[in-house]
Amino acid sequence: MRDTKRRLEAFAFFDHTGIQAHLENMAAQGWMVEQPGTYLWRYRRVEPQTLRFAVTYFPAASEFDPGPTEGQQTYQDYCESAGWHLAARWGQMQIFYTAAQDPVPLETDACVQVDTVHQAMKRSSLQGMAAMVALGLFQVCFQLWRFWEDPVDFLSTPSSLYALPTWLLFLGIELYEFLFYFRWHRRAKALAETTGEFLPIRTHRRLSLLLVVIALLFFLSAFLGNARTTLFATLFWLAAFALILLLTNTAKSALKGMRAPRAVTRTVTVIMSAVLAAALAGGMIALIFRGVRSGWLEDRRPVETYEYRGMTWEVYQDDIPLRVEALTGTDYTRWSTEARTSETVLVSFREYTQQPRMDALEEPDLEYDIVEVKAPFLYGICKNSMLERYWFNDPVEYRSTYRPIDAAPWGAAEAYQLYRYPDSPSERYLLCWPDRMAEIRFDEVPTTAQMALAGEILKTA
């Protein structure tokens, strides 16, 4: 039987009402809080008993203090004399308990109590909460900008599509806690000044925890469906972040154990965090480059390589639905074919290429993309994105644009041809069907037979 356990909790730092009720329930089950934290709390086994808890704040304290300050020690002695025993500290928070059923209250002046909570929040949490809200807003705006710039890429890439709800939930959690605190503080201050009563804090802890879990699920969905390089980078960063936390907390605890001054502990912790982050970032970049060069981060490997003019070229043999041989009747056989897919529950984007070797560039090559829209309400957005794919930031008079052409030879609902700068027709075409689009590039103007064959294959590929 374990004598300690850790639990995932989601208490706001200022939610002393909820914390007190929770710790009283845990004590009745035989668990005493030993070390609170942002999310992970540690408990030790005790005899089940009925206890009363009191959560107080000491604004002048810091998590970097080597021990209780003189003021904290004086306050602790006062509490001991009144029958309250210290259970744990968490920065400016102090948690006391007593077995008395009608104990002497530790705080009797509601105005002072509200001000103490506010001063502790200003020193410990409000700046961090504001920074998290700003980060969430930035990320949500950034994801929306990416959607605006290239809807097809955004909607078909898991790391983009699922990142948006992840950051929206993150922003909602942080913004709710931030605004909830100021709303409570305003009302609590008014109540204390008019009636002398302290307004209890009532946050929705279970809802916050549920939103955190949902955000984590979206976060995992954002990367588990991605390329191996993206997945590796994500897992590396998660492991690196955990390692940084472990090492900095270990260093902080060691310095506090050595009774180092608060300023020294804070400076060493901050510098150590920055150095470790920079070192791990450099290490990740180096590992990714090495992995790409060696091929172990590639989702697929070439079937062979060959040398041409002092360079090594790779050959792939991915299955592709439409091939040059079917369109031209060529008897050339030494092709390299590649297929890449990026897919979500909303949109699938597939890229196909077929190229001859570098010593046979007189042979034709072929490239085409297929966009399958699984959510009909997104079809118009994806179609416009494909039509505007080559606009870039060019002035209108130099912009490459798609112009409607006869769709009948292609067997499509709509067809477009790309014109460059802006009156030079190219051999790049966009074909549209009710649930998909296909963009295809030829080496030369396709014949009617080639159009029919390409349309027939691409509309069902």
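Two strands pair here if DSSP finds at least two bridges between them. Keep that in mind for the close-ups below, which come from a predicted model.

**View 1. The hairpin of β5 and β6, with Gly-91 at the turn.** Strand β5 covers residues 85-90 and strand β6 covers residues 93-98. They run antiparallel and are held as a pair by 5 bridges. Just 2 residues sit between the strands, and Gly-91 takes a positive phi near 60 degrees. Look across from Trp-90 and you'll find Met-93 in β6 standing opposite.

**View 2. Another hairpin, this one made by β7 and β8.** Here strand β7 (residues 304-308) pairs with strand β8 (residues 311-315), again in the antiparallel sense and over 5 bridges. The hairpin has 2 residues between its strands, and Arg-309 takes a positive phi near 50 degrees. For a landmark within the ladder, pick Glu-307, whose bridge partner in β8 is Thr-312.

**View 3. The open sheet of 3 strands, ordered β1-β3-β2.** Pairing in this sheet is antiparallel. β1 (4-8) and β2 are the edge strands, each with a single partner, so one side of each has no neighbour in the sheet. From one strand to the next, the twist averages 40 degrees. On one side of β3, 5 bridges join it to β1, and Arg-6 stands opposite Arg-42 in β3. Strand β2 (residues 31-35) pairs with strand β3 (residues 40-45) over 4 bridges. Trp-31 has Arg-45 of β3 as its bridge partner. β2 and β3 also form a hairpin, with 4 residues between them.

**View 4. The open sheet of 7 strands.** Reading across, the order is β9-β10-β11-β15-β14-β13-β12, and the pairing is antiparallel. At the edges stand β9 (336-343) and β12 (401-405); each has a single partner strand, so one side of each is left without a neighbour in the sheet. Ignoring direction, neighbouring strands are turned by 20 degrees against each other on average. Zoom in on strand β11 (residues 366-373) and strand β15 (residues 436-441), an antiparallel pair with 6 bridges. Ile-370 is a handy residue to click on, with Ala-438 as its bridge partner in β15.

**View 5. A salt bridge between Arg-52 and Glu-24.** Side chains of opposite charge can pair when their charged atoms come close. For Arg-52 and Glu-24, the closest N and O atoms are 3.9 Å apart. The cut-off for a salt bridge is a side-chain nitrogen within 4 Å of a carboxyl oxygen. The pair links distant parts of the chain, 28 residues apart: Arg-52 lies in strand β4 (residues 52-57), while Glu-24 belongs to helix α1 (residues 16-28). In total, the structure holds 18 salt bridges.

**View 6. A surface patch of negative charge.** Which residues gather in this patch? They are Glu-149, Asp-150, Asp-153 and Glu-351. To get your bearings, start at Glu-149, which is placed in helix α4 (residues 126-149).

Note on methods
Residues are numbered from 1 along each chain as its sequence is written. This is a predicted model: local features need pLDDT of at least 70, side-chain atom pairs count only at pLDDT 80 or more; totals for chains, interfaces and linings use all residues. Side-chain values use heavy atoms; hydrogens and water are left out. Patches are made of residues with over 30% relative accessible area and no salt bridge: like charges are joined within 9 Å, nonpolar side chains (Val, Leu, Ile, Met, Phe, Trp, Tyr) within 5 Å. Accessible areas come from the Shrake-Rupley method with a 1.4 Å probe; for residues, only the protein chains shown count as cover. Lys and Arg count as positive and Asp and Glu as negative; His and the chain ends are not counted. The place of a charge is taken as NZ of Lys, CZ of Arg, CG of Asp or CD of Glu. Axes are lines fitted to C-alpha atoms, for helices over the stretch in contact, and angles run from 0 to 180 degrees between N-to-C directions.
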